[in-house]
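The following exercises are to be worked with the sequence and the three-dimensional model at hand. Each task is followed by a solution in steps.

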Amino acid sequence: MDQQVRERAGSLNVTRLSEPAGAEVVGIDLSLQLGTKKRDILFEALLKHHVLVIRDQDLTPDQQMTLTAMFGKPESHVFHDAEGQSGPQVHVVNNLDKQGNPSSRPTTFGSFFWHTDKSYHEVPSLATFLHARELPPGGGGDTEFANMYNAYESLDDAVKKQIANLRAVHSWEANRRNTGNRAATEEEKKLRPPVSHPLVRTHPDTKRKALYIGIHADCIEGLEREQGIELLKKLYRHSTERKNVYAHSWKPGDLVIWDNRCLLHRVVGNYDMDTHRRILHRSVVIGTKPC
Ligand code: OGA
Ligand code: MN
């Protein structure tokens, strides 16, 4: 990091964590009702730093949902919970298998691949809120974030020109296939048909251009399939170079908020997944159609 950025935003301290993304916000108890003034400060900080880290929080699922709803419309989860509910609520991210034991082959593992949340939907996620409840004792299970503004801006002019009007097809089916998960069922395919999004999207709040790709992207409209896949691979490699990545090392109580409109993210299995539990509470606000 070439500079340490610290600022006082109202009564909150915001400290930059790395060049590509991330800032720690100190001086806030998120279990208390957040006023609109503090909400605005946090949202401004999110636009500027893309990932916000707020440590030492202890939120009930209801408190997390109240916080989430301050930032937009809560999004429903694609999976049903144990009670069969699928509404907008806090759901659990974990590394457990069907029997509930820690596993290196947990029931879902799509998040081990670079992605942006719900890009297989016409209207994908705006921001994701992840609250660490139980973590591997020796650390690990980091979440990595790649800055997609930087990724776009650092492309050669020729590539910028080449991709300016291209659209990628994103789908649940591709997600299942590309991540080695069980194949999408016919019912799931009907429920979540493929959608196309521009490769370069303009962030609706900052008006900056960002690359919009990820593991749910399958091919490029108008290009031969193989050619599209090659182009996507090249863009991933470029976007996720280490210099463009903030890796978050979790501590219990961390609440991390990220902006899906200008980042790719993934979880890293850098801990003994077969032994230790990693449990986080997740909630999301829905965004707008990328354009
Ligand atoms: C997510 C996700 C990563 C993690 O919740 O959308 O990708 O670190 N999680 O568990
Ligand atoms: Mn995700």
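**Exercise 1. Locate Asp259, state whether it is buried or exposed, and identify its side-chain partner.**

Step 1. Asp259 belongs to strand S14, which covers residues 255–259; strands (E, at least two residues) and helices (H or I, at least four) are DSSP runs numbered from the N terminus.

Step 2. Because its relative accessibility is 0%, Asp259 counts as buried. Buried means under 20% relative accessible area, exposed over 50%, and partly exposed in between, with a 1.4 Å probe and protein chains only.

Step 3. Its side chain makes a polar contact of 2.9 Å with the side chain of Arg261. A polar contact is a pair of N or O atoms within 3.5 Å; within protein, one must be able to donate a hydrogen and the other to accept it, and residues adjacent in sequence count only if both atoms are side-chain atoms.

A note on conventions: the model is predicted, local features need pLDDT of at least 70 and side-chain atom pairs pLDDT 80 or more, while totals for chains, interfaces and linings use all residues. Residues are numbered from 1 along each chain as its sequence is written, chains are lettered from A and ligands numbered from 1 in the order in which they are written, and side-chain values use heavy atoms, without hydrogens and water.

**Exercise 2. Determine which protein atoms are donors of the manganese ion (ligand 2), and where they lie in the chain.**

Step 1. Donors are N, O and S atoms within 2.8 Å of the metal (3.2 Å for Na, K and Ca); water is not among the atoms, so sites may look incomplete.

Step 2. His115 (NE2), Asp117 (OD) and His265 (NE2) are the protein donors, at 2.1 to 2.2 Å from the ion.

Step 3. Asp117 and His265 link distant parts of the chain, being 148 residues apart: Asp117 is in the loop between strands S5 (91–93) and S6 (125–134), His265 in strand S15 (residues 263–267). Both Asp117 and His265 are buried.

**Exercise 3. Describe the surroundings of ligand 1.**

Step 1. Residues around ligand 1, with a heavy atom within 4 Å of it, include His115, Asp117, Thr143, His265 and Arg278.

Step 2. Oxygen atoms of ligand 1 lie 2.5 Å from a side-chain N or O atom of Thr143, 2.8 Å from a polar side-chain atom of Arg278, and 3.1 Å from one of His115.

Step 3. Of the 290 Å² of accessible area that ligand 1 has on its own, the protein covers 97%.

**Exercise 4. Compare the length of helix H1 with its expected span.**

Step 1. H1 comprises 14 residues (36–49), which should span 20 Å at 1.5 Å a residue; the expected span is 1.5 Å times one less than the number of residues.

Step 2. The end C-alpha atoms are 20 Å apart, in agreement with that value.

Step 3. After H1 comes His50, with a positive phi near 75 degrees.

**Exercise 5. Place Asp56 and Lys207, and state the sign of phi for each.**

Step 1. Most residues other than glycine have a negative phi.

Step 2. Asp56 has a positive phi near 60 degrees. The residue sits in the loop between strand S4 (51–54) and helix H2 (61–69), and is exposed because its relative accessible area is 69%.

Step 3. Lys207 has a positive phi of about 65 degrees. Its loop joins strands S10 (200–202) and S11 (209–211), and at 59% relative accessibility Lys207 is exposed.

Technical notes: Areas by Shrake-Rupley, 256 points an atom, 1.4 Å probe, with all protein chains shown as cover.
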